[in-house]
Amino acid sequence: MKGLMKGIAVCAVAVLPAAVSAALGDYAPVTDARLKNPEAANWLQYRGNYSGWGYSPLSQITDQNVGKLQLAWAFATGQKEGHQSPPIVNNGYMFVTTPGAQVIALEAKTGKELWRYKKELPGEMLQLHPTNRGVALYGDKVYVATIDAHLVALDAKTGKEVWIKQVGDWKALQYITLAPLAAKGKIMVGSSGGETGVRGFVAAFDAETGNEAWRTYTTAAPGEPGGDTWPGETYKNGGGSIWITGSYDPDTNLAYWGTGNPAPWPTEGRKGDNLYTGATIALDVDTGALKTYFQYNPNDAWDWDEVSAPLLIDTEVKGKKVKAAVHAGRNGYLWVLDRTGQKLNFVDAYPFVNNNTIKSIDPKTGRPTFADEHRPGLGKGDVHFCPSLWGGKDWFPEAYNPKTGLLYVPANNNLCAELPEPEPTKYKKGDLYIGYPIEAILTGLRWAKGAKDAPKTMGEVQAWDLKTGKQVWTHKYPTFNWGPLLTTGGNLVFGGGTNDRMFRAFNASTGKVLWETATPSGVTGVPTSFEVDGEQYIAVQSGWGVDAQRMQGGVDRLLGYQTVVPQGGTVMVYKLTK
């Protein structure tokens with residue numbers, strides 16, 4: 001890996017500038033202080049704040065007037081596939097990323113294009129997940145990580161490339177889709193590739209120079225804490241990939257990251273807990289030192305990446321004050337941890353979808369006990385398990401509203417999966433490293449009750465009261481849900497995620513649908529909210545693809561028909577009618 005860092009990749013790029021609007025003021029540098037206490041009018045980072053809430057305090061658009069929401073402007077990105085990045089906004093400048101390694105700067109009020117950056121990708125590169133989940137802002141620069149495993153710093157006003165660094169080896173099928181995390185002069189990223197035998201990592205780069213500051217691997221080597229949880233040298237290709245942005249607690253200087261599944265999927269060759277896969281890890285931002293962790297799926301056999309970083313919420317849980325780290329797991333449990341001090345201690349866990357795989361959870365340690373009959377593996381034949389490979393909740397983020405005190409979870413219920421006998425597998429650079437036939441994976445979705453017993457509902461938006469551990473309301477869809485959530489000070493929750501192309505607003509207290517509108521494609525983008533010239537806007541990208549489309553294929557196969565969701569990315573921005 002060291003050799004990779006010596007070179008600065010020389011890749012052709014295209015920057016297409018447009019005249020900056022006279023109405024648009026100077027670009028305001030993004031400081032640590034602003035990221036720690038972001039202004040309500042702006043959306044400066046992936047989930048709006050370091051705690052990962054997905055919450056806008058803006059309250060001009062409310063549960064009383066949201067019915068008057070209408071399209072302010074729309075912008076076609078010119079790209080197909082999954083558009084999943086949030087529109088990031090800083091004093092009137094909006095930045096979105098798209099598949100195809102594009103960053104587009106727009107005037108947030110009008111949608112006028114300011115500049116466009118497009119990194120040229122190697123023509124022979126295999127793109128397993130052609131998407132991108134956004135930029136980070138820091139100082140006067142915009143940072144984007146690309147699917148060919150580079151990190152790029154751009155001038156925020158012009159789009160001109162300031163520096164570019166190679167982070168990983170795309171020829172080994174390392175690729176990056178996440179939005180970087182910016183803090184204390186560092187830009188932090190990780191790499192995808194849990195199905196290609198990567199060794200997962202988080203790496204930090206100096207925001208000004210691009211020099212690598214530290215790199216921490218997510219699979220423990222012999223002699224390291226946790227190194228005895230991997231036999232031999234299996235940790236070297238053990239997965240634990242990082243593909244969703246971390247959350248950050250400035251008070252403890254710890255960044256929290258979710259890690260992916262271990263590789264390959266069959267467990268027979270990697271007996272042990274396989275630390276630190278399927279876990280939340282906490283890293284010191286100055287040094288990268290791993291301070292603590294909590295593992296949700298020891299010795300995972302189900303492809304349950306737990307990559308969503310926990311939401312950091314100071315609250316009460318059953319009458320006790322807790323500095324909580326909350327994570328709705330792909331394993332179908334809602335986990336509440338205590339992040340007091342330097343440890344992640346188990347508080348409680350609640351099943352939020354059907355689950356036949358976790359038999360029990362130790363009330364003191366939180367360690368799950370799994371049902372062996374639902375663990376796929378050698379000599380077991382076809383094994384049925386719930387939730388499915390895509391989990392009770394995949395990567396799309398939850399949201400937390402401090403005014404309602406509720407946590408909102410985009411979930412998939414009543415869905416299971418089946419895996420056959422494993423096939424022999426050996427790591428080879430540039431190949432898949434899974435251990436099951438890819439066709440069996442893509443056709444492995446199953447209903448919970450039986451082949452002829454399709455559920456009436458699948459996707460859900462759930463609201464949870466962390467103080468009581470109770471579910472407050474649930475909105476159910478006839479099809480699955482792949483929709484990131486936004487909640488606001490106007491007592492609203494926004495989300496898409498369904499194959500009918502709709503984008504919706506819910507009453508945050510009751511779950512009642514108050515507003516919905518059709519978009520050009522399906523919405524799997526992360527919604528945001530911002531304010532310009534005293535007007536509040538709601539923004540989201542429409543653009544169906546990647547795993548939502550693959551899951552749709554699995555559902556269609558079970559139902560015996562084909563669902564067509566139009567392709568093509570569009571930035572959609574809404575405001576109230578006057």
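I'll walk you through one helix, one hairpin and one sheet in this predicted model.

Quick housekeeping: residue numbers start from 1 along each chain as its sequence is written. Since it's a prediction, local features need pLDDT of at least 70, side-chain atom pairs count only at pLDDT 80 or more, totals for chains, interfaces and linings use all residues, and side-chain values use heavy atoms, leaving out hydrogens and water.

Okay, helix α4, residues 546–559. Helices here are DSSP runs of H or I, at least four residues, and strands are runs of E, at least two, numbered from the N terminus. The end C-alpha atoms of α4 are 20 Å apart, which agrees with the 20 Å expected for 14 residues at 1.5 Å a residue; that expected span is 1.5 Å times one less than the number of residues.

Its buried residues (under 20% relative accessible area, 1.4 Å probe, protein chains only) include Val 546, Met 551 and Val 555. The buried set packs against β28, β29, α3 and β30, with contact meaning heavy atoms within 4.5 Å. Just after α4, Gly 560 has a positive phi of about 80 degrees.

Next, the hairpin. Strands β6 (102–107) and β7 pair antiparallel over five bridges; pairing takes at least two DSSP bridges. Ile 104 is bridged to Arg 116 in β7. Between the strands sit five residues, and Gly 111 takes a positive phi near 85 degrees. Five of the seven residues of β7 are buried, so β7 is largely enclosed by the rest of the structure.

Last, the open sheet: four strands, β16-β17-β18-β19, paired antiparallel. β16 and β19 are the edges, each pairing on one side only. β16 meets β17 over three bridges, and Tyr 248 stands opposite Ala 255 in β17.

Definitions and conventions. Buried < 20%, exposed > 50% of the residue type's maximum accessible area, 1.4 Å probe, protein only.
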